[in-house]
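Here's a quick tour of a protein model, meant to be read with the structure open beside you. Take it topic by topic and find each residue as you go.

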Amino acid sequence: MAQPRISAYLPPDIDPTKAALAFGRRALPKLNEELQSAELLTQQRALMALCDLVHDPEKVYQAIEIGFLDNLKTLLGHPDNTIRQKTTEVLYLMSMHSVGRWGLIQNGVISALTGLLDDPVDICRKNTHQIFDMMAKLPEGAAGVLQAALIPPLVLKLQTELEEILELILDTLANCLRMEVSEALAAGAVGALKAKLTHPSAAIRSRAAQVLLEISSHPEGKLPVCDEEVIPVLVSLLEDTDPAVQASAAGALMFALVTPQGRSSAMAAEAIPPLLKLVAEETSRARLNAIKALTLLAELPEGRETLLAHTDTFRECLDDPREVVARAAQSAIRAIEWKP
Amino acid sequence: PNPPEIQKQKGAQKRAPVRKRVKEPIRPGTPEPVEGREHVSVQTELYLEEICDYVVEVDGECQTDEFLDRPPTPLFIPAKTGKDIATQIEEGELFDFDIEVKPILEVLIGKTVEQALLEVMEEEELAQLRAHQRAFIELRNAEFAELQRLEEQDRRIREEKERRRLEHLEKLRKQKETTEKIAARAFAKRYLADLIPSVFSNLYDSGFFYDPIERDIETEFLPWLMSEVEETLQKKVLGRTMLDSLIRAVVEKRLDAFSCQPVPGQTEAPAKEPRPPDAAPQVSGETAAADQLVTEKEETDQPVAEEQPSDPISSQLEESDQAGTQDLETE
């Protein structure tokens, strides 16, 4: 009987771990059917093939149209580790494209992923968090993450997860908390983040400061930040070696100093000298944030006295190429020289 | 299955339909023979055949030999036809490797590079997106912070204004209260200024302030005086009454005495008798004439201050009374 395989030796460039792709438009539907088959090996091979195809945005679009996501959602709960890992990888690759992100939001994949937060396999967890991170960059995605009530578990994970996953979680939190902060505050995010501010890794510190920035940009977030005495820690971070950490810390201070208590605790922690140093550096990213923080401090009488001596630092900032910085410097000078 | 058996079965199969046919009733095909004749079946073929009921059977067997290995095909070298020709391909004659390999290489490298570019583009797109997002976020945060600062400032100023306004209102209210208090105080003072004199005058009028001696005289001396006067008057009245009764008794006696001798001169005597200028007979005459007036007199004999009603009949009485009172006063 004739068979499609001509000789007993397979051609040299076929990957035995991948399913054979049908030609043209038939590839994805066939893979869809193979995903639903009862045999483990077929499913795994289909997933491997899918991983390769999903780098192409057109294939992503086609896959979503066919309805791959329902099958993938079912596979997320499969007992086999490889299948889960590959499924999460496929979803992550999908979320890298805009079409994929929208498809994931509309099919409610985010809530299906909540079960994988406690997965024993590291790679599955990492992929899951990568998916959340990518989704949170979109406003609707962040809303989806909030709606799936993911914030309390994520805050809990802050204390227990590995480092690289921690970075992903912090990024996700930063984007989600920009929208709404109440759930995180209820879960005790400020305390957890305060602990992370002194982490040995600079990336985690800068991200933690970024999350605090987002929290304190909301009015109800400012109070816990002042109450839990995060401001002295942030002031100490201003002198950190990593510029990203400095920038995020200055940004967090910029928001937290709007409240009177914040201002008084910042004055008590002597925030002005490090902030002035940041302003003086021409190329630092923290310049803008530091100028804004100093503007806030200039509204206090004792802050104004101290800053009157340093107005020339601000005048230098007026020549900064970025227009935002120049404007900020102008308003700072105005605040310093204001007479009641 | 054994070949002879199979053959037997086949024979049996062949015989079965023959038997069937024999058992079937012969259908009348040919008509019955005419009388005296017989139908006889006759073979009409070229060669006569002996027909009998049973078929002569002979069993025969046959068997193939054991399989022997196929002997190897003898080498077949076909007869040589044609000529022998040799050729040698020098380098560069069949094809130019460098030129020919170009398209193949191009495809290979092109595909690889394309794939790599796709991946790099993906990542770069994402990195660009992120950088863009970061810049936007920074800008947004800065603006937001500015907004919050201004909001805070505004809130503070508004609160300050509100506080000052409330203070001012409080001040006005206190001022108003104070002026009212002062006005009330002045008014009350003026009102009460002549309170004391009026109070005193009222009290004085209602007799709260009294001269103790005067009061003493009034409360004690005068009643005593009046009671003494009353006593004296009563004594006088008593005396008069007694006198009256005496005179009455005397007169009655005399009347009784003189009623035995009714003499006109006697009747004048009692009429005359009351005319002696003695105070007492005068009084008795008065009494006789005014017997009915005694009680009135007694009644009208009251303390000094009161005046007695003047009686036109008893003007004499009045005069005598007045004389009596004058007597009293001289006493």
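Let's start on the surface: α3 of chain B gives the most to a nonpolar patch, with five residues. Keep in mind that this is a predicted model. From that patch we'll move out to chain B in general, and then over to chain A.

**The nonpolar patch on chain B**

- The patch covers about 1,100 Å² of surface.
- Its members are B:F187, B:Y191, B:L192, B:L195, B:I196, B:V199, B:F200, B:Y204, B:F208 and B:F209.
- Two elements of chain B give two or more residues to it: α2 (97–193) and α3 (195–205).
- Where does B:F209 lie? Look in the loop between α3 and α4 (212–259) of chain B.
- Is B:F209 buried or exposed? Neither label quite fits: B:F209 has 39% relative accessibility, so it counts as partly exposed, since that class runs between the 20% limit for buried and the 50% limit for exposed.

**Chain B as a whole**

- Chain B has eight helices and zero strands, so if you read along the sequence you get the pattern α-α-α-α-α-α-α-α, with helices being the DSSP runs counted here.
- Of the 331 residues in chain B, 8% are buried.
- The exposed surface of chain B comes to about 30,900 Å², and carbon and sulfur atoms supply 58% of it.
- Take the contacts in chain B with a separation of 6 or more: 49% of them come from residues 24 or more positions apart.

**Two packed helices in chain A**

- You can describe two packed helices by the angle between their axes and the distance between the axes.
- Here, helix α6 (residues 98–106) and helix α8 (residues 122–136) of chain A pack at an angle of about 100°, with axes 10 Å apart.
- That makes α6 and α8 of chain A roughly perpendicular to each other, because angles of 65 to 115 degrees fall in that class.
- On the α6 side of chain A, the contact is made by A:R101, A:L104 and A:I105, and on the α8 side by A:I131, A:M134 and A:M135.

**A buried leucine in chain A**

- A:L166 lies in helix α11 (residues 163–177) of chain A.
- A:L166 has a relative accessible area of 2%, so it is buried.
- Leaving aside neighbours within four places in sequence, A:L166 is in contact with A:K157, A:L158, A:E161, A:K196 and A:I204.
- A:L166 and A:I204 are 38 residues apart along the chain, and their C-alpha atoms are separated by 7.4 Å.

Note on methods:
Residues are numbered from 1 along each chain as its sequence is written. Chains are lettered from A and ligands numbered from 1 in the order in which they are written. This is a predicted model: local features need pLDDT of at least 70, side-chain atom pairs count only at pLDDT 80 or more; totals for chains, interfaces and linings use all residues. Side-chain values use heavy atoms; hydrogens and water are left out. Helices (H or I, at least four residues) and strands (E, at least two) are DSSP runs, numbered from the N terminus. Buried means under 20% relative accessible area, exposed over 50%, partly exposed in between (1.4 Å probe, protein chains only). Contact means heavy atoms within 4.5 Å. Accessible areas come from the Shrake-Rupley method with a 1.4 Å probe; for residues, only the protein chains shown count as cover. Patches are made of residues with over 30% relative accessible area and no salt bridge: like charges are joined within 9 Å, nonpolar side chains (Val, Leu, Ile, Met, Phe, Trp, Tyr) within 5 Å. A salt bridge is a side-chain nitrogen of Lys or Arg within 4 Å of a carboxyl oxygen of Asp or Glu. Axes are lines fitted to C-alpha atoms, for helices over the stretch in contact, and angles run from 0 to 180 degrees between N-to-C directions. Angles under 35 degrees count as roughly parallel, over 145 as roughly antiparallel, 65 to 115 as roughly perpendicular and the rest as oblique.
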